[in-house]
Amino acid sequence: MPMSERSFLGLSAAGFHKVAYTQWGRDDAPRTAVCVHGLTRNGRDFDALALDLADGWRVACPDVVGRGKSGWLGNPALYGYPQYCADMAALVARLGVETVDWVGTSMGGLIGLMLAAQPNSPIRRLVINDVGPFISKVGLQRIADYVGKDPVFEDIAAVESYLRFVLMGFGRLPDEAWRHMAEHSARPRPDGRWGLAYDPGIAEAFKAQPMQDVDLWAFWDRIQCPVLVLRGATSDILLRETAEEMTRRGPKARVVEFANTGHAPALMTEDQIAAVRGFLLEG
């Protein structure tokens with residue numbers, strides 16, 4: 001299936017910035033899916049899923065501003081969900097469609113949750129991967145302990161070793177999957193070594209206020225579209241009691257849990273891809 005790298009300009013209070021995205025499938029595909037990554041990740045995490053969906057969908061996988069091949073904001077204080085939601089609304093406009101299917105991992109799931117809660121939302125079906133309308137400060141603190149750091153690596157193999165440690169919640173993945181993530185998670189440094197492909201400034205939101213629980217149930221209760229929730233069985237971000245509550249209120253989501261996985265299912269294995277594809281095909 002055809003794959004291309006594209007971009008558009010987003011707008012913040014500091015001016016315009018590049019938002020890069022990878023597109024899979026044909027421009028005239030009958031459906032469009034948008035796949036949005038987690039806090040420190042990038043759109044290339046969805047290559048396996050996008051390739052699977054590209055026979056029936058045009059799949060857009062953006063690098064949220066400050067990540068991957070997208071631009072960095074001059075003022076780190078602007079990194080946050082208002083900006084991310086505005087940029088993703090601009091992406092939907094760029095795609096030129098009335099509705100999209102949304103697959104969001106962690107941060108990408110929260111962006112989807114917030115957009116789906118808005119009146120006249122273009123989101124037709126929503127897949128939320130290992131995140132929900134309540135997040136405990138304990139899970140957030142674990143992420144805060146590593147996000148925003150700017151480690152230096154001698155080679156891609158060292159990047160891979162680092163990712164295997166901080167992303168161990170992704171579960172059991174083949175070596176080629178870890179290598180793929182390492183290659184797309186590294187940025188070259190002027191000294192010939194490697195850094196991570198995100199702006200350390202994205203951590204400003206964690207530092208701006210004391211760590212506290214996040215409660216987004218008011219958004220959740222306004223969602224009208226069908227929702228599939230994916231959960232890693234040992235996740236500390238989407239607690240089991242939160243996932244169960246998501247089946248009882250708001251859109252009354254369906255929950256699928258994956259064993260031997262924490263935060264978050266990588267959506268790179270056959271069973272996880274099949275769960276997403278099956279749900280999207282229902283509507």
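The expected span of a helix is 1.5 Å times one less than its number of residues. Keep that rule in mind for the first view of this predicted model.

**View 1. Helix α2, end to end and face by face.** Helix α2 covers residues 81-95, and its 15 residues should span 21 Å by that rule. The C-alpha atoms at its two ends do sit 21 Å apart, so the expected and modelled spans agree. Now look at which side chains are tucked away: Gln83, Tyr84, Cys85, Asp87, Met88, Leu91, Val92 and Leu95 are the buried ones in α2. An α-helix has 3.6 residues a turn, so residues three or four places apart point the same way. What do the buried residues of α2 pack against? Their partners are the strands β1 (3-12), β2, β3, β4 (57-62) and β5 (100-105), along with helix α3 (107-116). Just past the end of α2 comes Gly96, with a positive phi of about 70 degrees.

**View 2. Trp57, a buried residue in strand β4.** Trp57 belongs to strand β4. Is Trp57 buried or exposed? Its relative accessibility is 2%, and buried means under 20%, so Trp57 counts as buried. Setting aside neighbours within four places in sequence, Trp57 is in contact with a list of residues that includes Trp24, Gly25, Ala29, Arg31, Thr32 and Ala33. Also on that list are Asp101, Arg277, Leu280 and Leu281. With Asp101 there is a side-chain link too: a polar contact of 2.8 Å joins it to Trp57. For a sense of spacing, the C-alpha atoms of Trp57 and Gln23 are 10 Å apart, with their positions 34 residues apart along the chain.

**View 3. Arg26, in a loop between two strands.** Arg26 lies in the loop that runs between β2 (15-24) and β3. Its relative accessibility is 38%, so Arg26 counts as partly exposed. The side chain of Arg26 makes a polar contact of 2.9 Å with the side chain of Asp28. Beyond the residues up to four places away in sequence, Arg26 touches Pro2 and Arg58. Pro133 is another matter: 107 residues away along the chain, its C-alpha atom is separated from that of Arg26 by 34 Å.

**View 4. Arg41 and the largest cavity.** Here is another arginine in a loop, Arg41, placed between β3 (31-36) and α1 (47-53). Its relative accessible area is 5%, so Arg41 is buried. Not counting neighbours within four places in sequence, Arg41 is in contact with Arg67, Leu163, Leu167, Phe170, Met181 and Ser185. Arg41 is also one of the residues lining the largest cavity, among them Thr40, Tyr146, Tyr162, Val166 and Tyr198. That cavity holds about 90 Å³ of space. Which helix gives the most to its lining? Helix α5 (residues 156-166) does, with three residues. By class, the lining of the largest cavity has eight nonpolar, two polar and one charged residues.

**View 5. The second largest cavity.** The model has two cavities of 30 Å³ or more. Rolling a probe the size of a water molecule over the atoms shows where empty space is left. In the second largest cavity there is about 70 Å³ of space. Its lining includes His37, Gly38, Asp45, Phe46 and Thr105. Asn129, Phe170, Pro265, Ala266 and Leu267 line the second largest cavity as well. Sorted by class, that lining has five nonpolar, four polar and one charged residues.

**View 6. The largest pocket.** The volume of the largest pocket is about 630 Å³. The elements giving two or more residues to its lining are α2, α3, α4 (137-144) and α7 (204-207). Of the 26 lining residues, Tyr81, Leu140, Ala205, Phe206 and Val214 lie nearest the centre. The lining of the largest pocket divides into 20 nonpolar, four polar and two charged residues.

**View 7. The second largest pocket.** This pocket has a volume of about 320 Å³. It is lined by 21 residues, and Arg142, Tyr146, Val166, Leu167 and His263 are the ones nearest its centre. Helices α4 and α5 each supply at least two residues of the lining. By class, the lining of the second largest pocket has nine nonpolar, eight polar and four charged residues.

Note on methods. Residues are numbered from 1 along each chain as its sequence is written. This is a predicted model: local features need pLDDT of at least 70, side-chain atom pairs count only at pLDDT 80 or more; totals for chains, interfaces and linings use all residues. Side-chain values use heavy atoms; hydrogens and water are left out. On a 1 Å grid over the protein atoms alone, a cavity is a set of points where a 1.4 Å probe fits but cannot get out, and a pocket is an open set with protein on both sides within 12 Å along at least five of seven lines; lining residues have an atom within 4 Å of a point. Grid points are joined across faces, edges and corners, and a volume is the space filled by probe spheres set on the points. Helices (H or I, at least four residues) and strands (E, at least two) are DSSP runs, numbered from the N terminus. Ala, Val, Leu, Ile, Met, Phe, Trp, Tyr, Cys and Pro count as nonpolar, Asp, Glu, Lys and Arg as charged, and the others, Gly among them, as polar. Buried means under 20% relative accessible area, exposed over 50%, partly exposed in between (1.4 Å probe, protein chains only). Contact means heavy atoms within 4.5 Å. A polar contact is a pair of N or O atoms within 3.5 Å; within protein, one must be able to donate a hydrogen and the other to accept it, and residues adjacent in sequence count only if both atoms are side-chain atoms.
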